[in-house]
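The following exercises concern a protein assembly bound to DNA. Each task is followed by a solution in steps.

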There are 2 protein chains.
Amino acid sequence: MTYDDFMSEPKRRDKAATRTALLDAARRRFTEHGFDGTGVRDIAADAGIDATLIFRYFGSKQALFEEAVHVAVPEGIGRRARAEPAALAEAMLREVVFAERAEPGGEHPLLVMLRSAGRPEVRARLREQVCGDYLADFAERLGGDDAELRAELVGALLIGIGVMRSVIDSPELSRVSFEQTRELVAAMVTALEG
Amino acid sequence: MTYDDFMSEPKRRDKAATRTALLDAARRRFTEHGFDGTGVRDIAADAGIDATLIFRYFGSKQALFEEAVHVAVPEGIGRRARAEPAALAEAMLREVVFAERAEPGGEHPLLVMLRSAGRPEVRARLREQVCGDYLADFAERLGGDDAELRAELVGALLIGIGVMRSVIDSPELSRVSFEQTRELVAAMVTALEG
DNA sequence: TAGCTTTGTCATCGATCGATGACTTACTTG
DNA sequence: CAAGTAAGTCATCGATCGATGACAAAGCTA
């Protein structure tokens, strides 16, 4: 079969494949241009799929966004984490900031949401996930008087690193290795433990 | 003169006042809803001014945005700063993150821009201002091998605190005093100096 | 193969967007 | 007061937005 034959053949119909193709394209678009900067027609065109199917399979652009940026907090990081503070921070740094994600888009949903922080619902979800899921038990592992505050400061550091890398694209932090970053972050976190 | 008389009187015509009224309203809207989430009609309505004047006085919505988030880096913070690293970080923390800005909107332009980080031009400006203007000489003050990297880490921490307060509205960092934050930040910055 | 369900396509709607140009009114200047 | 300019108003354009419903075609089942 020639290439032209292949291209002119009617496409195979596959609901699941269409859905994930839309999700992948959506993640890429939302990552680069944010929610408001992305149109349903852009997503559909990237995926080579009719835009109408977005509404049939996801209901609305908003619902597609939520499913695209949905993330399950990994075991060992969120609530009921058992590691020491410095090790916990390292795990979060690796998972959120330095994630080499297999899925297209390549960035952690938390950072994708930051690109759409103009929308109140997105900010609300960010707060839930960051303060609730990720930093929940971090304060307990830290201990001391103002543990919650110091936990949030670690969160701020990690988010800031993510912003420097993914939004600002700073010359150093964006290019340096995980190892090198890890050591410096560990020093800063340890300074909060005492 | 009664209230109704006052209200029915034709408005005084004042180009400068109209311009600043539009700028103030724009800052508020852009702060809360980002660039894409804000329409020129919203801004004009808030200011009680016809939307057409935005284009006469600023040329385009984009130009209005740029003027609204424009900021002059204060002496003693950016290039040619003379203070020690910890003191420099404190100055930036006060100026960028804890700024009680007189102008409406109440937030530093860098944080406003973060709400519109979906737009590439905004990201480019962010990089210029953060890495260029603000962190430029910070590395020199730090000294040592990977000074640039450690300077960017301080920038990441400050930006992260700003995000936690202004975007995520985290329970602790958003409500705690400048003094309390300052001490913990100083500890983290000092950990990078060694 | 006949009939039904699922999947994909097409035309289009109403709202909203940024932006333009013509027009009216107020203020200044001679 | 008359004329000219500056400031504000109004109608509207073309593009794009999210979303809907009718329709065509593919694939499964009997």
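**Exercise 1. Characterise the polar contacts and salt bridges across the interface of chain A and chain B.**

Solution. Step 1: across this interface, 10 residue pairs are in polar contact, both residues having pLDDT 80 or more. A polar contact is a pair of N or O atoms within 3.5 Å; within protein, one must be able to donate a hydrogen and the other to accept it, and residues adjacent in sequence count only if both atoms are side-chain atoms.

Step 2: the elements that give two or more residues to the side of chain A that touches chain B are helix H2 (15-33), helix H8 (120-134), helix H10 (147-168) and helix H11 (178-193) of chain A. Helices here are DSSP runs (H or I, at least four residues), numbered from the N terminus. H10(A) gives the most to this side, with 14 residues.

Step 3: by class, that side of chain A has 24 nonpolar, 7 polar and 11 charged residues. Ala, Val, Leu, Ile, Met, Phe, Trp, Tyr, Cys and Pro count as nonpolar, Asp, Glu, Lys and Arg as charged, and the others, Gly among them, as polar.

Step 4: the count of salt bridges between chain A and chain B is 0. A salt bridge is a side-chain nitrogen of Lys or Arg within 4 Å of a carboxyl oxygen of Asp or Glu.

A note on the model: it is predicted, with local features needing pLDDT of at least 70 and side-chain atom pairs counting only at pLDDT 80 or more, whereas totals for chains, interfaces and linings use all residues. Residues are numbered from 1 along each chain as its sequence is written, chains are lettered from A and ligands numbered from 1 in the order in which they are written, and side-chain values use heavy atoms, with hydrogens and water left out.

**Exercise 2. State the area buried between chain A and chain B, and how the two copies are related.**

Solution. Step 1: the contact (heavy atoms within 4.5 Å) takes 42 residues from chain A and 42 residues from chain B.

Step 2: the two chains bury about 3,800 Å² between them, 74% of it on carbon and sulfur atoms. Buried area is the accessible area (1.4 Å probe) that two parts lose on being put together, summed over both. In chain A, Leu149(A), Ile168(A) and Met188(A) lose the most area to chain B, together 16% of what that side buries.

Step 3: chain A is superposed on chain B by a rotation of 180 degrees with 0.0 Å of shift along its axis (RMSD 0.0 Å). This is the relation of a two-fold axis. The superposition is by least squares on the C-alpha atoms of residues with pLDDT of at least 70 in both copies.

Step 4: the copies meet through the same surface, because 100% of the interface residues of chain A are also interface residues in chain B.

**Exercise 3. Which residues come nearest to DNA strand C, and which atoms pair with that strand?**

Solution. Step 1: of the 20 residues around DNA strand C, Arg13(A), Thr52(A), Tyr57(A), Arg13(B) and Lys61(B) come nearest. A residue is near a strand if one of its heavy atoms lies within 4 Å of it.

Step 2: the side chain of Arg13(B) places an N or O atom 2.6 Å from a base oxygen of DNA strand C. Phosphate oxygens of the strand lie 3.3 Å from a polar backbone atom of Thr38(B) and 3.1 Å from a backbone N or O atom of Val40(B).

Step 3: H4(A) provides the largest share of the surface near DNA strand C, 4 residues. By class, this surface has 5 nonpolar, 6 polar and 9 charged residues.

**Exercise 4. Describe the surroundings of DNA strand D.**

Solution. Step 1: 19 residues lie around DNA strand D, and Phe55(A), Lys61(A), Thr52(B), Arg56(B) and Tyr57(B) come nearest.

Step 2: base atoms of the strand pair with arginine side chains, with a base oxygen 2.9 Å from a polar side-chain atom of Arg41(A) and a base nitrogen 2.9 Å from a side-chain N or O atom of Arg13(B). A polar side-chain atom of Lys61(A) lies 2.6 Å from a phosphate oxygen.

Step 3: H4(B) gives the most to this surface, with 4 residues.
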